[in-house]
Amino acid sequence: HERAILDATQNADVATQSVGAKKLKELRRQRNRLADSGAIAFKIESEPEDIASGLEAFLRLEAAGWKGQSGTALAKNSGDTAFIREAVSRLSGNGSLKIMTLARGDAIVAVGLVLRHLRRGYFFKIAYDEDAAKSSPGVQLTLDMTRQFCSDSAIDDADSIAVAEHPMIDHIWRDRLAIADLLVPAQPGQFPLRVFASLIAARHALRETAKRI
């Protein structure tokens, strides 16, 4: 399958224009509406205490949204919570992870966790205030992150790590990265690989059916 990837070597204005003039105009209107109750600020957290605070904001926003309702939010599992806190602490210490936030006044309305390796960024996770969904805080943050990636000379591209045909990121990042499943038998005498390939194909088909429903 193919998933969205950003060519970060292009001009930031060119990258964001791929959204379309009409959609950008609507997003600017929504951003102005979001600012009605407080100034909007995009920030890359760099200090350890700010990074820790940004992660806690992410956990709160994710748990308050649909992932929390479905029980898949990281904060809903103590092991997942402990893991992400330790991972963020270690990775941010050597510059391999950045936390980017979008705030309205004193309240953070969207948080993105971004991994970095060599000259590639990875849009690892995002959470946003679903009470402000009419103003698209997640999309607003993604556009700010897109501009940041394009202004960073140390980054060539950014992988969305999203599913194919993602309803949000596919309309912002127009380039595609081809992804394939590689099946390697660990021991002789196991089921033929075609059986596992059939199971994976069936899983993809079920996911697509569920999405359509």
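**Exercise 1.** State how many helices and strands the protein has, and give their order.

Solution. The protein contains 7 helices and 7 strands. The model in which they are assigned is a predicted one. Along the sequence, these elements follow the pattern β-α-α-β-α-α-α-β-β-β-α-β-β-α.

**Exercise 2.** Compare the radius of gyration with the globule rule.

Solution. Step one: the radius of gyration is 19 Å. Step two: for 213 residues the globule rule gives 17 Å. Step three: the two values are close, so the protein is as compact as a globular protein of that length. For the extent along the principal axes, the C-alpha atoms fill a box of roughly 65 × 40 × 40 Å.

**Exercise 3.** Describe burial, contacts and surface of the protein.

Solution. Under the cut-off of 20% relative accessible area, 36% of the 213 residues are buried. Among contacts with a separation of 6 or more, 68% link residues 24 or more positions apart. The exposed area is about 12,600 Å², with 54% supplied by carbon and sulfur atoms.

**Exercise 4.** Trace the pairing of strand β5 and place Tyr-122 in it.

Solution. Begin with β4 (residues 107–117), which runs antiparallel to β5 (residues 120–128) and is joined to it by 8 bridges. The two strands form a hairpin with 2 residues between them. Leu-118, in the turn, has a positive phi of about 50 degrees. Next, β5 pairs with β6 (residues 157–159) in the parallel sense, over 3 bridges. Tyr-122 of β5 is the bridge partner of Leu-115, and Tyr-122 also stands opposite Asp-159 in β6.

Note on methods: Residues numbered from 1 in each chain as written. Predicted model: local features only at pLDDT ≥ 70, side-chain atom pairs only at ≥ 80, totals over all residues. Heavy atoms only, no water. Helix = DSSP H or I, 4+ residues; strand = E, 2+ residues; numbered from the N terminus. Rg over C-alpha atoms; globule rule 2.2 N^0.38 Å. Buried < 20%, exposed > 50% of the residue type's maximum accessible area, 1.4 Å probe, protein only. Contact = heavy atoms within 4.5 Å. Areas by Shrake-Rupley, 256 points an atom, 1.4 Å probe, with all protein chains shown as cover. Pairing = 2+ DSSP bridges.
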